[in-house]
Amino acid sequence: MPDTKQKILDAAEKLFSRDGFAATSLRAITAEAGVNLAAVNYHFHSKEALLGAVIERRVAPLNRRRIELLDAVEARAGAGAPALEEVVDAFVTPVVLGFAGTPFVGLLGRMNIEPGDAIKRQIGAHMREMVVRFGAAFRRALPGVPDAEIAWSVHFSVGAIAHTLAAKQMVLLISRGLCDINDAEGIRRRLIAYICGGLRAAARAKASGE
């Protein structure tokens with residue numbers, strides 16, 4: 001049986017994802033969790049601290065896995081350039097497989113539409129190491145491509161991942177039901193191919209002087 005802290009985190013994740021951070025009160029969370037307000041204040045002290053704990057619980061383990069996979073990719077490459085597909089795989093796979101079936105994807109989708117910057121600030125705090133490590137890996141995998149082009153390509157890639165996870169129902173409309181939104185492995189493979197294609201297009205544009 002979940003303990004009090006776990007119940008609060010589960011309830012907060014569900015309501016923040018469904019209704020938004022700004023629109024969710026601590027009293028709504030306590031009602032959903034079946035606990036009293038004092039328990040929330042004891043464990044988390046504030047609503048934003050609770051948001052931070054919700055994000056930490058989901059994002060930190062995935063980022064650790066990303067770094068583990070990237071370490072292995074770079075070890076295989078040695079002094080040479082790492083394979084682009086392997087770098088993208090390390091970036092994409094933990095997120096797609098880790099968030100599949102969780103309400104957290106709704107919170108991820110709210111990052112750029114939610115009033116205020118609480119969600120962006122909390123998620124951004126977990127992205128700093130990813131930006132440094134994966135930015136360097138992408139530069140090694142795509143020698144000669146300007147840093148600005150890599151930055152744009154990675155930015156577009158993050159958007160593709162977030163939209164794919166948070167708005168999967170859209171593909172049912174686009175495909176008229178042909179696509180299986182529960183096929184996490186298929187989504188993972190397609191995202192990797194799509195992102196690699198975009199990054200390689202940036203490299204080709206640089207090579208041709210566009």
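## Two domains and the contact between them

In this predicted model, the side chains of Asp-10 and Arg-57 meet in a salt bridge, with a distance of 2.8 Å from N to O. The domain assignment of the chain places residues 1-45 in domain 1 and residues 57-208 in domain 2, and Asp-10 and Arg-57 therefore belong to domain 1 and domain 2 respectively.

The C-alpha centres of the two domains lie 29 Å apart. Domain 1 brings 13 residues to the contact, and domain 2 brings eleven. The following table sets out computed values for this interface.

| Property of the interface of domain 1 and domain 2 | Value |
|---|---|
| Buried area | about 880 Å² |
| Share of the buried area from carbon and sulfur atoms | 49% |
| Salt bridges | three salt bridges |
| Polar contacts | five residue pairs |

On the side of domain 1 that touches domain 2, five residues are nonpolar, three are polar and five are charged. Within domain 1, the most area is lost to domain 2 by Glu-13, Ser-17 and Phe-21, which together account for 58% of what that side buries.

The largest nonpolar core has 58 residues. The members that touch the most other members are Ile-8, Phe-16, Ile-29, Leu-50, Val-88, Val-92 and Phe-99. Because domain 1 and domain 2 both give residues to this core, it lies between them.

Phe-99 may be followed further. Apart from neighbours within four places in sequence, Phe-99 is in contact with Arg-58, Val-59, Leu-62, Pro-94, Phe-104, Val-105, Leu-108 and Leu-165.

Conventions: Residues are numbered from 1 along each chain as its sequence is written. This is a predicted model: local features need pLDDT of at least 70, side-chain atom pairs count only at pLDDT 80 or more; totals for chains, interfaces and linings use all residues. Side-chain values use heavy atoms; hydrogens and water are left out. Domain bounds come from an automatic or database domain assignment. Contact means heavy atoms within 4.5 Å. Buried area is the accessible area (1.4 Å probe) that two parts lose on being put together, summed over both. A salt bridge is a side-chain nitrogen of Lys or Arg within 4 Å of a carboxyl oxygen of Asp or Glu. A polar contact is a pair of N or O atoms within 3.5 Å; within protein, one must be able to donate a hydrogen and the other to accept it, and residues adjacent in sequence count only if both atoms are side-chain atoms. Ala, Val, Leu, Ile, Met, Phe, Trp, Tyr, Cys and Pro count as nonpolar, Asp, Glu, Lys and Arg as charged, and the others, Gly among them, as polar. A nonpolar core is a set of buried Ala, Val, Leu, Ile, Met, Phe, Trp, Tyr and Cys residues joined through side-chain atoms within 4.5 Å. Buried means under 20% relative accessible area, exposed over 50%, partly exposed in between (1.4 Å probe, protein chains only).
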